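The following exercises are to be worked through with the structure in view. Each task is followed by a solution in steps.

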Amino acid sequence: MSSRTAPAIATTLKHAIITGARPGPTLLISAGVHGDEYEGMAAIRRLRRQIAPDLLSGRLILVPVVNEGAFRRNARTAEDGLDLARTCPGDAGGTETQRVASEITRLIGAADYYIDLHSGGLSMRTLPLCGYALHRDPEILAEQRRMAAAFGSPLVWGTTPTLDGRTLSAARDARVPAIYAEWGGSGTCDPEGVDAYVRGCRAVMHRLGMLPAQPDAPPAPRWIIEDDRPGSGFMQICHPSPIDGMFEATVALGDRVARGQRLGTVFDELGTQEHPILASEGGMVTVVHSLAHVRNGEGMVVVIDVDGASR
Ligand SMILES: [Zn+2]
C-alpha cells in the first residue's frame, strides 16, 4: 500500500506533514475529533517534534485538533451541535461540522493507514483501549489487528463494521486500514496517556516499516476481544440513563461485574425518582460516566466481556 509518489495534501484542517528521507506509506494520525479530548492532541504535538525525517520512511500527516470549533468551546461538538463522529463523510457545503467531516474524510482517503486518538472527553472516563472495525475484507482486517496489537493498549476491541458517520467508517469505505484509541477523560490531559499514545503511534509506525525498532515499544495487549453484534463499539448508548438527572456510580473502572449487577443509580433532583442501572452483561467496567449530571438516553457505563463469559 506504500506510494512512491504520494499525492500532495491540500486541506483546510490545521496539520503538519513530515516527509521521510526514504519512500514508504502515508500514515495519518488525528486527534480532537471531539473538542474535549486532550491526550491525543498533546501526543501529536510531541510526535511532531520527535519524528526526525532522516529516520522516517514514508510520510506522516498529523492533525492534532480535527474539530477546532468544538476545541474552542471546550466541548465534544462545535456550535451546530453535530457529533463529528456521526457526520462523516460530511458535506463540503454544509454546516461547520459537516464541512470538517468532509475535510477529514478526504484526508483519510489520501492516506494508506490511519490512527484516530480519542479520550472519554469531559463527561466520561475510559480504560486504555485500542479498537477497529471488523472489516469484511480479511486483508484490511488482518492489517488492523496487527496495528492494534502493536499500539500496545492493554485492551484491544474489534467491533461491528456497520456503524456509520465515524472517521473509522470513512476509513472502512476508503479501504484504509484504521485503528482508534481511548485513554482517560474527565477533561484532563493525563501525562501517562500522552506517553502511551506517543509510544503506541511510534510502535505502529515501526510495524508499518516507517521507523526503526523502538526502544520503548509497549507490551502486547492483555485482552483481545472481537464482538460483531449489531451496535457493538457504540459506547454512548450502553446502559442509558432513563431521565435527566444525576448519576452515582457504584462500580469503578476495571471492576468485574456480573449480569444484573447494579452499576450505579440515576436520581432526579429531589431523589423522588431513583433508577438503578443494571449490567446487561457481565465483564469488565471499561467506561464510566464521570460527570455527575446526565441526560436522558446518555450511556452511563460500558462493560466489555473480557473473560468471554457471554460468548
Ligand atoms: Zn472521541
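**Exercise 1. A strand and its neighbours**

How many of the residues of strand β7 (residues 178-185) are buried? Determine also how β4 and β5 run relative to β7.

*Solution.* The model is a predicted one.

Step 1. Inspect the cover of β7: eight of its eight residues are buried, and the strand is mostly covered. The cut-off applied here is a relative accessible area under 20%.

Step 2. Recall that strands of a sheet pair through backbone hydrogen bonds, either parallel or antiparallel.

Step 3. Take β4 next. Four bridges join β4 to β7, and the two run parallel. Within this pairing, Y114 has A178 of β7 as its bridge partner.

Step 4. Turn to β5. Five bridges join β5 to β7, and here the strands run antiparallel. Residue L129 stands opposite E182 in β7.

**Exercise 2. The zinc site**

Identify the residues that coordinate the zinc ion, and state where E37 and H118 lie in the chain.

*Solution.*

Step 1. List the donors. The zinc ion is coordinated by H34 through ND1, by E37 through OE, entered twice, and by H118 through ND1, at 2.1 to 2.3 Å.

Step 2. Write the spacing of the donor residues in sequence: H-x2-E-x80-H.

Step 3. Place the pair E37 and H118 in the chain. E37 belongs to the loop between β2 (22-31) and α1 (39-50), while H118 belongs to the loop between β4 (113-117) and β5 (124-133). The two are 81 residues apart, and the pair links distant parts of the chain.

Step 4. Classify the geometry. The angles among the four donor atoms are 57 to 148°. A tetrahedral site would require all angles to lie between 85 and 135 degrees. The site of the zinc ion is irregular.

Step 5. Check the accessibility. E37 counts as buried because its relative accessibility is 2%. H118 has a relative accessible area of 9%, so H118 is buried.

**Exercise 3. Two helix pairs**

At what angles do α3 and α5, and α4 and α6, cross?

*Solution.*

Step 1. Two packed helices are described by the angle between their axes and the distance between the axes.

Step 2. For α3 (residues 96-109) and α5 (residues 167-174), the angle is about 40° and the axes are 9 Å apart. That angle makes α3 oblique to α5. Their crossing is right-handed.

Step 3. For α4 (residues 138-151) and α6 (residues 191-207), the axes come within 7 Å and cross at roughly 135°. The helices α4 and α6 are therefore oblique to each other. The crossing of α4 and α6 is right-handed.

**Exercise 4. An open sheet and a loop**

In what order do the four strands of the open sheet follow one another? Describe also the loop residue Q273.

*Solution.*

Step 1. The order is β12-β11-β9-β14, with antiparallel pairing.

Step 2. Find the edges. These are β12 (274-278) and β14 (293-294), each of which pairs on one side only.

Step 3. Examine one pairing. Strand β11 (residues 262-267) is joined to β12 by five bridges, and the two run antiparallel. G264 has I277 in β12 as its bridge partner.

Step 4. Move to the loop between β11 and β12, where Q273 lies. Q273 counts as partly exposed because its relative accessibility is 33%. From G245, Q273 is 28 residues away in sequence, and the C-alpha to C-alpha separation in space is 9.3 Å.

**Exercise 5. Unusual backbone values**

Which two residues are joined by a cis peptide bond? Locate also the positive phi values of R175 and H239.

*Solution.*

Step 1. Most residues other than glycine have a negative phi, and most peptide bonds are trans.

Step 2. The cis peptide bond joins C88 and P89, with omega about 10°. P89 has its place in the loop between α2 (68-72) and α3.

Step 3. R175, although not a glycine, has a positive phi of about 60°. It sits in the loop between α5 and β7. With a relative accessible area of 47%, R175 is partly exposed.

Step 4. H239 is likewise not a glycine and has a positive phi of about 50°. H239 is found in the loop between β8 (223-227) and β9 (245-249). At 10% relative accessibility, H239 counts as buried.

Note on methods:
Residues numbered from 1 in each chain as written. Predicted model: local features only at pLDDT ≥ 70, side-chain atom pairs only at ≥ 80, totals over all residues. Heavy atoms only, no water. Donors = N, O, S within 2.8 Å, 3.2 Å for Na, K, Ca; no water. Tetrahedral: all angles 85-135°; square planar, octahedral: opposite > 155°, others 65-115°. Buried < 20%, exposed > 50% of the residue type's maximum accessible area, 1.4 Å probe, protein only. Pairing = 2+ DSSP bridges. Axes fitted to C-alpha atoms, helices over the stretch in contact; angles between N-to-C directions. Parallel < 35°, antiparallel > 145°, perpendicular 65-115°, else oblique. Left-handed = near helix turned anticlockwise from the far one by under 90°.
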